[in-house]
Amino acid sequence: MSHIIQQKVELPNKDDWIFDLANVVTDIQKLYRYLDLDPNAISLSMLQAKKQFPLRVPMAFIHRMKKGDKDDPLLLQVLCSDSEMLKVDGYSEDPLQEQNNDIAGLLHKYHNRALLITKTACAINCRYCFRRHFPYYDNQSTKKNVSTALDYIANHPELDEIILSGGDPLMAKDNELANLIDALSKIPHIKRLRIHTRLAVVIPSRITTTLCQLFMQSRLQIIVVTHINHPNEIDNNVAYAIKQLKQNRVTVLNQSVLLKKINDNADILAELSNKLFDIGILPYYIHLLDKVQGAAHFLVEDKQAKTIMKQLAEKVSGYLVPKLAREIGGEKSKRVLAVDD
């Protein structure tokens with residue numbers, strides 16, 4: 001049973017999250033010292049992995065890690081690993097075939113929805129990120145690129161939902177989001193706006209009064225999809241941020257990635273589902289790892305994943321069991337795996 005308490009506190013000031021965003025650790029030795037870990041355990045390969053894909057983790061997230069525990073499940077999601085330097089057969093730098101899009105920053109992979117890369121940076125660098133090799137430089141959200149994307153969206157009436165992604169779309173400031181949401185709301189066939197974000201969890205102060213009002217006032221149905229992999233990521237600040245979203249008519253779902261040594265356990269996933277629902281989030285998807293180079297050490301094989309999901313279904317109500325899914329480049333929808341196969 002979860003014991004998250006939705007404390008009665010004031011919403012963050014509009015600039016609090018900017019401070020939290022800047023209060024970040026990018027040095028492995030500093031992270032080790034803060035967590036009371038032995039800096040002598042940092043290998044040359046870990047430092048090389050950091051050069052290929054930078055370490056970036058906000059203090060707001062580090063505070064939830066257990067000091068002295070080198071296997072802390074939040075730490076393992078962000079810590080550079082020797083294994084990242086291995087080239088593994090079957091893994092690629094573009095596992096979902098996204099890097100040859102016709103319009104910069106716009107991916108129309110599915111019939112009724114398109115994905116708009118709103119920002120090219122994240123507050124946190126997750127080591128399993130399937131876009132860790134994505135050419136963000138060529139997909140900047142410049143005025144020209146956004147205008148071209150909006151024209152495309154306006155000329156494709158089959159689209160009824162736009163997904164803001166990145167990077168992390170909530171890295172955009174409130175006025176930037178206001179302009180984009182306003183532009184999308186003027187396209188008659190767009191009904192829903194989905195925002196995939198890690199910021200609401202990593203830096204819950206990002207959920208400001210202004211942002212909530214923006215969502216409330218839009219004619220579009222707003223769906224926020226959080227990315228939470230482990231129950232320890234949820235604290236009172238996260239709970240309160242989600243409460244504000246829910247009070248402003250935002251539907252909140254969660255997607256996770258099934259990760260070896262982090263959440264590949266039915267008891268952990270059951271605790272996660274319960275904590276999510278306690279704070280108003282419905283478990284949505286749990287993804288099998290996208291096979292991106294540098295992340296093979298996180299892989300949970302299909303057979304084990306199905307066993308875990310069967311065990312999870314025995315521990316929680318049906319609506320708390322997320323769909324086990326895999327995304328395959330070029331396919332028109334996610335592939336949901338039947339756990340009884």
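**Stop 1: Ala-149.** Select Ala-149 and show what surrounds it: setting aside neighbours up to four places along the sequence, it is in contact with Ile-103, Leu-106 and Leu-116. Keep in mind as you look that this is a predicted model. Now colour residues 143-154, and you will have helix α6, the home of Ala-149. Is Ala-149 buried or exposed? Its relative accessible area is 1%, under the 20% cut-off, so Ala-149 counts as buried. Before leaving, add Leu-107 to the selection and draw a line between the two C-alpha atoms. Ala-149 and Leu-107 are 42 residues apart in sequence, and the line should read 9.4 Å.

**Stop 2: Arg-194.** Next, jump to residues 192-197, which form strand β6, and pick out Arg-194. This arginine has a relative accessible area of 8%, so with the cut-off at 20% it is buried too. Show the side chains here and find His-196: a polar contact of 3.3 Å links its side chain to that of Arg-194. Which residues does Arg-194 touch beyond four places in sequence? Turn on Arg-113, Tyr-284, Ile-223 and Val-225, then the run Glu-161, Ile-162, Ile-163 and Leu-164, and you have the set.

**Stop 3: the second largest pocket.** Time for some empty space. Select Lys-70, Asp-71, Leu-76, Leu-79 and Ser-81 and centre the view on them. The space in the second largest pocket comes to about 420 Å³. Your five selected residues are the closest to its centre, out of 17 that line it. If you colour the whole lining by class, expect eight nonpolar, six charged and three polar residues.

**Stop 4: helix α11.** Finish at residues 266-278, the 13 residues of helix α11. From first C-alpha to last it reaches 18 Å, close to the 18 Å expected at 1.5 Å a residue.

Start with the beginning of the helix. There, a side-chain oxygen of Asn-265 comes to within 2.8 Å of the backbone nitrogen of Asp-267.

Then highlight the buried residues of α11: Ala-266, Leu-269, Ala-270, Leu-272, Ser-273, Lys-275 and Leu-276. What covers them? Bring up strand β8 (251-257), strand β9 (282-287) and helix α12 (302-313), which are among the elements over these buried residues.

Last of all, step past the end of the helix to Gly-280, which follows α11 and has a positive phi, near 100°.

Notes:
Residues are numbered from 1 along each chain as its sequence is written. This is a predicted model: local features need pLDDT of at least 70, side-chain atom pairs count only at pLDDT 80 or more; totals for chains, interfaces and linings use all residues. Side-chain values use heavy atoms; hydrogens and water are left out. Helices (H or I, at least four residues) and strands (E, at least two) are DSSP runs, numbered from the N terminus. Buried means under 20% relative accessible area, exposed over 50%, partly exposed in between (1.4 Å probe, protein chains only). Contact means heavy atoms within 4.5 Å. A polar contact is a pair of N or O atoms within 3.5 Å; within protein, one must be able to donate a hydrogen and the other to accept it, and residues adjacent in sequence count only if both atoms are side-chain atoms. On a 1 Å grid over the protein atoms alone, a cavity is a set of points where a 1.4 Å probe fits but cannot get out, and a pocket is an open set with protein on both sides within 12 Å along at least five of seven lines; lining residues have an atom within 4 Å of a point. Grid points are joined across faces, edges and corners, and a volume is the space filled by probe spheres set on the points. Ala, Val, Leu, Ile, Met, Phe, Trp, Tyr, Cys and Pro count as nonpolar, Asp, Glu, Lys and Arg as charged, and the others, Gly among them, as polar. The expected span of a helix is 1.5 Å times one less than its number of residues.
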